[in-house]
Amino acid sequence: MGKLELRIYPDPVLRGKATPVKDIDDSIRKLMADMAETMYISEGVGLAAPQVGSLSQLITVDIGKGLISLANPRIVESDGSEVMEEGCLSLPDIRLEVKRYKRVLVQGIDSNGKEVFIEAEDLLARVFQHEIDHLQGILIIDKIPSAQRQLIRSKLKELERKVQR
Ligand code: ZN
């Protein structure tokens, strides 16, 4: 296992669309394990493969109730809505109120290659939606009204400047 480099906004890989994983082989299992380690070291509750530079449809989630690693996750059912503050490991120092479904049913493939369905609500549902968004190149800064986007503009500019240095 090993910690991977976290990609920070405005790294273009965060805007890429991840492709489905065909085979859960040893290299994918290793990537899943390394993603989990990176998530724990970074004290995140979720991580998507683009955040470590891989455009594969892989996510890891742990809200303190055990590790869930999934390939090709998708939301097959959703219900309700809830606004909560969210952060993102790829957007340091930015926290935003994001509206999401309150409950979701997620379908995916686990590290054994088995198809699984996971019912999630509240924080777990939120983290799944956040990570699945990453696989489409969608970030929390895309999920807020433009008036709010003005407020974080200087923080985004600051992150953009760090890359140019
Ligand atoms: Zn994120």
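## A guided tour, starting at a bent helix

Start by selecting I152: helix α3 has a kink of about 50° centred on this residue. You are looking at a predicted model.

Now widen the selection to residues 146–164, the whole of helix α3. Does its length fit the residue count, and what distance should you expect between its ends? At 1.5 Å a residue, the 19 residues should span 27 Å, and the end C-alpha atoms are 25 Å apart, which agrees.

Keep α3 on screen and show the side chains of I152, L156 and L159, which are buried. So I152 is both the centre of the kink and one of the buried residues of this helix. To see part of what covers them, select 96–100: this is β5, which is included in the cover over the buried residues of α3.

Next, move to the sheet. Colour β1, β2, β3, β6 and β7 in that order, and you have an open sheet of five strands with antiparallel pairing. Its edges are β1 (46–48) and β7 (115–121), each of which pairs on one side only. From one strand to the next, the twist averages 35°.

Zoom in on the β1 edge. Strand β2 (residues 58–61) pairs with β1 in the antiparallel sense, over three bridges. Select A48 and you will find I59 of β2 standing opposite.

Finally, add the two helices that lie across the sheet. Select 26–41 for helix α1, which lies across β1, β2, β3 (68–79) and β6 (103–109) and runs at about 40° to β2. Then select 122–135 for helix α2, which lies across β1, β2, β3, β6 and β7 and runs at about 155° to β2.

Definitions and conventions:
Residues are numbered from 1 along each chain as its sequence is written. This is a predicted model: local features need pLDDT of at least 70, side-chain atom pairs count only at pLDDT 80 or more; totals for chains, interfaces and linings use all residues. Side-chain values use heavy atoms; hydrogens and water are left out. Two strands pair if DSSP finds at least two bridges between them. Helices (H or I, at least four residues) and strands (E, at least two) are DSSP runs, numbered from the N terminus. Axes are lines fitted to C-alpha atoms, for helices over the stretch in contact, and angles run from 0 to 180 degrees between N-to-C directions. Contact means heavy atoms within 4.5 Å. The expected span of a helix is 1.5 Å times one less than its number of residues. The bend at a residue is the angle between axes fitted to the seven residues ending there and the seven starting there. Buried means under 20% relative accessible area, exposed over 50%, partly exposed in between (1.4 Å probe, protein chains only).
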